[in-house]
Amino acid sequence: MSTQIQEGFGQTIIDAVRSFARADLDDADKLETSLFAHVSEPDLRSNLAETLYGAMWIYKLGLALLVRDEEQLAHVRTQIVDYSAVCEGLLSSMLHHALTRQILRGRKYRFNDIRGLTGPINWNVSNTLNQLKKRSFYWMIEVAAEENVISSSLTQHLHSMRTLRNTVHLRERNQRAFLGTSRALFRTVLDCSAETKAWKNANP
């Protein structure tokens with residue numbers, strides 16, 4: 001009897017945490033239509049929505065469990081990776097659109113090394129998407145900025161996100177810093193969605 005009570009109590013806790021984590025979150029389908037409708041590739045659009053939902057769910061789960069220190073750091077690290085992947089996917093989709101429409105006017109997209117403008121890229125191939133997949137997040141941010149796909153402010157925030165993803169550690173290790181980082185990253189994702197959507201509408 002006591003075992004049954006313990007199992008029932010445990011399941012009640014699990015259900016309560018699950019309900020809290022899901023509350024006030026748009027599901028992946030809603031995110032797909034609200035934030036990623038301008039992404040032309042269906043598979044990518046779905047993947048972006050699912051990844052963002054997962055990152056948002058992890059944030060809520062951390063609040064529900066009141067995680068601290070190393071546990072909270074693990075939650076934020078996961079969000080950093082997922083939010084970066086979403087922004088990288090958005091930029092990739094916009095640049096693929098621009099390459100397909102042949103509307104890129106800058107110089108950086110032509111080179112692997114965009115600092116020294118060396119290592120020319122052959123875009124005259126049948127599948128530009130395969131070429132684009134070889135480019136780094138840094139490359140995409142810089143090219144998108146030069147082509148006015150994103151603003152200078154968002155460019156800085158994306159580079160900060162990229163740096164956090166690459167260093168895999170946070171300077172500040174306290175609850176306020178963890179929550180602040182998570183919220184700032186989420187804001188960057190929303191800004192990236194809004195700015196790329198505006199650019200896509202202006203360059204159909």
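Among contacts between residues at least 6 apart in sequence, what percentage join residues at least 24 apart? In this protein it is 70%, with a contact meaning heavy atoms within 4.5 Å.

Some ground rules before you click. This is a predicted model, where local features need pLDDT of at least 70 and side-chain atom pairs count only at pLDDT 80 or more, while totals for chains, interfaces and linings use all residues. Numbering runs from 1 along each chain as its sequence is written, and side-chain values use heavy atoms, with hydrogens and water left out.

**Whole chain**

Start with a cartoon view. You should find 8 helices and 2 strands, in the order α-α-α-α-β-β-α-α-α-α. Those elements are DSSP runs numbered from the N terminus: helices are H or I with at least four residues, strands are E with at least two. Switch to a surface and you get about 11400 Å² of accessible area, 51% of it belonging to carbon and sulfur atoms; the method is Shrake-Rupley with a 1.4 Å probe, and for residues only the protein chains shown count as cover. Of the 204 residues, 43% are buried. Buried means under 20% relative accessible area, exposed over 50%, and partly exposed in between, again with a 1.4 Å probe and protein chains only.

**Helix 7**

Select residues 152–167, which is helix 7. Its 16 residues reach 23 Å from first C-alpha to last, close to the 22 Å expected at 1.5 Å a residue; the expected span is 1.5 Å times one less than the number of residues. Now colour its buried residues: Leu 154, Thr 155, Leu 158, His 159, Met 161 and Arg 162. They cover an arc of only 160 degrees around the axis, so they sit on the same side of helix 7; the arc is taken from the directions from the helix axis to the C-beta atoms. In general, an α-helix has 3.6 residues a turn, so residues three or four places apart point the same way. Flip to the face turned away from the buried side and you meet the exposed Ser 152 and Gln 156.

Zoom in on Thr 155, which has a relative accessible area of 9%. Leaving out residues up to four places away in sequence, Thr 155 touches Ile 141, Glu 142, Ala 145 and Ile 150.

**Helix 6**

Next stop, residues 137–146, helix 6. Here 8 of the 10 residues are buried, so helix 6 is largely enclosed by the rest of the structure. Ile 141 and Glu 142 are among those buried residues. Just after helix 6, check Asn 148, which takes a positive phi of about 60 degrees.

**Aromatic pairs**

How many aromatic pairs does a search of the whole structure find? The search finds 2, where rings of Phe, Tyr and Trp (its six-membered ring) pair if their centres lie within 6.5 Å, with planes under 30 degrees apart called stacked, over 60 edge-to-face and the rest tilted.

Show Tyr 83 and Phe 186 first: their centres are 6.1 Å apart and their planes at 45 degrees, so the pair is tilted. Tyr 83 lies in helix 4 (69–101) and Phe 186 in helix 8 (175–202), so the pair ties together parts 103 residues apart in sequence. Tyr 83 is buried at 2% relative accessibility, whereas Phe 186 is partly exposed at 26%.

Then show Trp 123 and Trp 139, a tilted pair at 6.2 Å centre to centre and 45 degrees between the planes. Trp 123 is in the loop between strand 2 and helix 5, and Trp 139 in helix 6, so this pair links parts 16 residues apart in sequence. Both tryptophans, Trp 123 and Trp 139, are buried.

Last selection: Arg 135, whose charged end sits over the ring of Trp 139, 5.9 Å from its centre. The criterion is NZ of Lys or CZ of Arg within 6 Å of the ring centre and within 35 degrees of the ring normal.
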